[in-house]
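The following exercises are to be worked with the sequence and the coordinates at hand. Each task is followed by a solution in steps.

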Amino acid sequence: MGKKGQVTLFIVLGIIILIMAVVFILLKDNTSDKVINVSPEVQPIKEYVERCAETIAHEGLIIQGRQGGYLIFPDSITYNARSFASQNLFGEPEKVLWWYDGINNTPTIELAASQLSSYVSAEIMTCLSNFSGFPDQQILTLQEKPKIEIVYADQETLVNINYPLEVTDLNTG
């Protein structure tokens, strides 16, 4: 290959790298966190819901960490004494063996996210305690339970919560 061929090859590679960099930057900008702006009067309620979701998700992650990625063990683990290394005082599995007797018990990311989402959704109502910390506002929930989405990223776990509320200040109507 002559010098013209080498120069052409490097120009083509340079263009490809430039296109990849532009696509990466555009995709990175499009996947930024969606922040919903609310009025200053409602901001404390929004922060309260976010704190509850964060606290409960953290508790769920601690449990998942202790239980080998599971919040709820499948029956194949619960009823097979060889599938875990130890039990707690209640006889429940504690240290799950992900691999034993040729059987893979590793939870999938999807299963772990689904279990954590269900856990947060079930527990958040207790944390919110019917918004009793906001006696001056009437807070109507526009759906029975919040929609929770869990995304496991490299260095963090993202909890996206969708819980439409209608807030009325009782002092001003």
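**Exercise 1.** Is Asn130 buried or exposed?

*Solution.* The model is a predicted one, in which local features need pLDDT of at least 70, side-chain atom pairs count only at pLDDT 80 or more, and totals for chains, interfaces and linings use all residues. Residues are numbered from 1 along each chain as its sequence is written, and side-chain values use heavy atoms, with hydrogens and water left out.

Step 1. Buried means under 20% relative accessible area, exposed over 50%, and partly exposed in between (1.4 Å probe, protein chains only).
Step 2. The relative accessibility of Asn130 is 71%, so Asn130 counts as exposed.

**Exercise 2.** Locate Asn130 and Phe131, and describe their phi angles and the burial of Phe131.

*Solution.* Step 1. Asn130 belongs to the loop between α4 (109–128) and β3 (137–141); helices (H or I, at least four residues) and strands (E, at least two) are DSSP runs, numbered from the N terminus. Phe131 is also found in the loop between α4 and β3.
Step 2. Most residues other than glycine have a negative phi. Asn130, although not a glycine, has a positive phi of about 55°. For Phe131 phi is likewise positive, near 55°.
Step 3. Phe131 has 7% relative accessibility and therefore counts as buried, whereas Asn130 is exposed.

**Exercise 3.** Summarise the overall architecture of the protein.

*Solution.* Step 1. Four helices and six strands make up the secondary structure.
Step 2. Along the sequence these elements follow the pattern α-α-α-β-β-α-β-β-β-β.
Step 3. Of the 173 residues in the protein, 24% are buried.
Step 4. Among contacts (heavy atoms within 4.5 Å) with a separation of 6 or more, 58% join residues 24 or more positions apart.
Step 5. The protein exposes about 12500 Å², of which carbon and sulfur atoms supply 58%; accessible areas come from the Shrake-Rupley method with a 1.4 Å probe, and for residues only the protein chains shown count as cover.

**Exercise 4.** Characterise the packing of α2 against α4.

*Solution.* Step 1. The axes of helix α2 (residues 43–66) and α4 come within 8 Å and cross at roughly 135°. Axes are lines fitted to C-alpha atoms, for helices over the stretch in contact, and angles run from 0 to 180 degrees between N-to-C directions.
Step 2. This angle makes α2 oblique to α4, given that angles under 35 degrees count as roughly parallel, over 145 as roughly antiparallel, 65 to 115 as roughly perpendicular and the rest as oblique.
Step 3. The residues in contact include Cys52, Ile56 and Ile63 of α2, and Leu116, Tyr119 and Val120 of α4.
Step 4. By class, the contact residues divide into 15 nonpolar, three polar and two charged; Ala, Val, Leu, Ile, Met, Phe, Trp, Tyr, Cys and Pro count as nonpolar, Asp, Glu, Lys and Arg as charged, and the others, Gly among them, as polar.

**Exercise 5.** Compare the surroundings of Ala112 and Ile109.

*Solution.* Step 1. Ala112 lies in helix α4, and Ile109 lies in helix α4.
Step 2. Ala112 counts as buried because its relative accessibility is 10%; Ile109, at 56%, counts as exposed.
Step 3. Not counting residues up to four places away in sequence, Ala112 touches Gln64, Gly69 and Tyr152.
Step 4. Ala112 and Ile150 are 38 residues apart in sequence, with 9.1 Å between their C-alpha atoms. Ile109 and Val151 are 42 residues apart in sequence, and their C-alpha atoms are 9.2 Å apart.
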